[in-house]
Amino acid sequence: MRVGIIGQGTIGQAIIRHLQARPDVQIGFVLARDRQKLAALDLPGALLTDDAGAALACGVDLVVEAAMPQLTADLAPRFLDHADFCAFSATALADQGVEQAILAATSASGRRFFVPHGAVLGLDGLRDGRGLIDSVTVTTTKSGKSLGLDPLTSGTVYEGPARGACLRFPRNVNVHAAVAVAGIGLDRTVSRIVAVPHQGANMHRIEVTGQGLAWTIDASSPSLGGVTGAYTPQSATGSVDRILGQRGICIV
């Protein structure tokens with residue numbers, strides 16, 4: 001199995017290290033902007049490039065994006081012609097044109113577009129129960145700095161449809177995009193984003209009501225200094241492993 005990786009930030013580096021330890025996986029390419037970081041990688045046989053065209057020409061079975069939503073928007077429909085695609089920047093799907101292009105590409109090629117659970121839990125239940133669900137509200141509490149705002153920003157900075165949250169904070173609310181895509185959609189899912197000065201953790205609460213169900217899921221993880229929580233790199237490697245194929249006792 002050959003895997004291409006887009007991005008060399010916290011999540012991208014975790015996935016690279018993890019896949020290097022798997023003898024059944026070969027890293028076909030790493031696409032990233034920082035040439036100095038690329039040069040520091042020890043990946044014999046892999047294409048290390050900042051050229052998207054070169055990466056597109058490199059034959060792989062799976063592409064994992066862990067960079068920014070614009071790269072998923074630009075590259076996913078093209079890679080899906082010949083490879084599966086896993087996007088950690090799920091907010092790209094808030095653009096309806098991008099979503100339609102991805103759906104058209106998967107329909108034409110038979111390839112799959114994966115949305116990982118990232119920093120939260122419970123997407124399987126949302127997906128299975130979507131026909132019974134009446135409402136979903138996702139509340140994220142982060143520091144203003146991690147939201148790209150003034151560090152002293154305090155209070156609710158957004159409340160409304162998840163689609164709007166994803167368009168306004170594309171690098172910060174991938175949780176909201178994933179929950180919405182798994183459940184009742186980007187327009188019916190309600191997003192609430194709260195800034196707390198100097199908060200050191202990324203906190204998410206998912207509240208779900210429906211026919212015969214009521215769920216509240218809380219997830220909290222210390223920030224690694226940017227937009228990523230400490231749990232997300234671990235969950236990312238687990239998601240990639242499940243895509244590549246589980247062995248033994250499998251969780252579905």
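Helices (H or I, at least four residues) and strands (E, at least two) are DSSP runs, numbered from the N terminus. The model is predicted: local features need pLDDT of at least 70, side-chain atom pairs count only at pLDDT 80 or more, and totals for chains, interfaces and linings use all residues. Residues are numbered from 1 along each chain as its sequence is written, and side-chain values use heavy atoms, with hydrogens and water left out.

**Exercise 1.** Locate Ala105 and describe its surroundings.

*Solution.*
1. Ala105 belongs to helix α5 (residues 96–109).
2. With a relative accessible area of 9%, Ala105 is buried (under 20% relative accessible area; exposed is over 50%, partly exposed in between; 1.4 Å probe, protein chains only).
3. Leaving aside residues up to four places away in sequence, Ala105 touches Pro77 and Leu80 (contact: heavy atoms within 4.5 Å).
4. Leu80 is 25 residues from Ala105 along the chain, and their C-alpha atoms are separated by 5.9 Å.

**Exercise 2.** Characterise the length, burial and C-terminal boundary of helix α9.

*Solution.*
1. Helix α9 spans residues 232–244, 13 residues in total.
2. From first C-alpha to last, α9 reaches 18 Å, close to the 18 Å expected at 1.5 Å a residue; the expected span is 1.5 Å times one less than the number of residues.
3. Ten of the 13 residues of α9 are buried, including Thr232, Pro233, Val240, Ile243 and Leu244.
4. The elements covering these buried residues include β1 (2–6), α1 (10–20), β4 (62–65), β5 (84–87) and β6 (113–114).
5. Gly245 follows α9 and has a positive phi, near 120°.
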